[in-house]
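Here's a quick tour for anyone meeting this structure for the first time. Have a look at it, then read on.

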Amino acid sequence: MELTTNPFVSAEIDFDSIEGPKRGLRPFRYPLARAGDDSVVCPIDWSELQARFGAIDLEIGCGVGFHPIRRALTEPSRALLAVEHTALKFKKFAGRIRSHREKGMGLENLIPLHMNAIDLVARWAPEDLFDTVYLLYPNPHPKEKQANQRWLRMPFFGRLLKSVRPGGRIVLATNIESYWSEANEFALLTWGLESDSDRVFTSSKVPPFAGRTHFERKTLATGGTCFESIWRKPE
Ligand SMILES: C[S@@+](CC[C@H](N)C(=O)[O-])C[C@H]1O[C@@H](n2cnc3c(N)ncnc32)[C@H](O)[C@@H]1O
């Protein structure tokens with residue numbers, strides 16, 4: 001059994017025990033039985049993180065982890081909490097972290113969390129903490145009856161914004177233009193965020209190999225368009 005060490009998380013992650021999806025079962029593995037169980041301790045030592053790093057960022061739904069690993073390597077003075085709840089994807093992310101560590105890259109500023117980001121933030125994230133929150137290619141939930149599962153249409157988004165420091169940023173990228181437009185409408189009109197920048201790009205501007213995430217690379221490689229907005233929480 002191989003464990004990773006990270007001084008900022010209270011429970012070690014047993015990567016080998018993470019199972020992929022089984023036939024007939026959905027790959028979502030959040031332990032619902034533990035929801036509402038107040039005896040479960042916060043997995044993060046926030047004050048240690050704050051003492052050690054200049055900024056703390058959060059990535060929700062990091063998939064197989066290309067973006068958080070790259071960011072953690074290029075921004076060693078910032079901590080990044082990278083949350084993914086799908087077991088198989090987290091396992092691949094964990095494998096990548098392990099091989100980087102075997103090559104001597106400690107990635108101590110990267111905190112991989114195999115859990116539901118809603119649970120993490122709603123229960124444990126302090127207010128005014130995160131510098132940047134990444135929502136990169138979230139599940140689009142395209143049907144109207146799923147609209148309340150899109151991040152900016154969830155009441156949870158208000159709680160997420162509380163955890164962002166004034167002046168902090170939210171970065172959203174999607175390959176679906178209607179999702180992008182709707183998210184902007186909600187960001188500016190419902191949540192009172194300020195627009196920082198918008199970017200639309202295809203493989204003519206960003207070659208697929210330079211994509212930040214697995215999904216971005218796939219979108220660019222198949223002729224798709226990526227839409228990105230960065231918003232700021234007012235000071
Ligand atoms: C379309 S994938 C994109 C993954 C990655 N960001 C990329 O661009 O390749 C969306 C990811 O968000 C994850 N996700 C959705 N809701 C989540 C939640 N509440 N907590 C943690 N992960 C979540 C899904 O498991 C999935 O891996």
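## Around the ligand

The shell around the ligand is made up of seven nonpolar, eight polar and two charged residues. For that sorting, Ala, Val, Leu, Ile, Met, Phe, Trp, Tyr, Cys and Pro count as nonpolar, Asp, Glu, Lys and Arg as charged, and the others, Gly among them, as polar. In total, 17 residues surround the ligand (each with a heavy atom within 4 Å of it). Gly61, Glu84, Thr86, Leu136 and Thr213 are the closest.

## What this model is

This is a predicted model, where local features need pLDDT of at least 70, side-chain atom pairs count only at pLDDT 80 or more, and totals for chains, interfaces and linings use all residues. Residues are numbered from 1 along each chain as its sequence is written, and side-chain values use heavy atoms, leaving out hydrogens and water.

## Polar partners

Let's zoom in on the polar contacts (pairs of N or O atoms within 3.5 Å). Glu84 has a polar side-chain atom 2.5 Å from a ligand oxygen, and a side-chain N or O atom of Thr213 is 2.7 Å from an oxygen of the ligand. His85 joins in through its backbone: an N or O atom there lies 3.3 Å from a ligand nitrogen.

## How confident is it?

Mean pLDDT (the predictor's confidence in each residue, from 0 to 100) is 87 for the protein, and 83% of its residues reach 70 or more. Over residues 1-5, though, the pLDDT is below 50.

Methods: Polar contact = N/O pair within 3.5 Å; in protein donor to acceptor, adjacent residues only side chain to side chain. Contact = heavy atoms within 4.5 Å.
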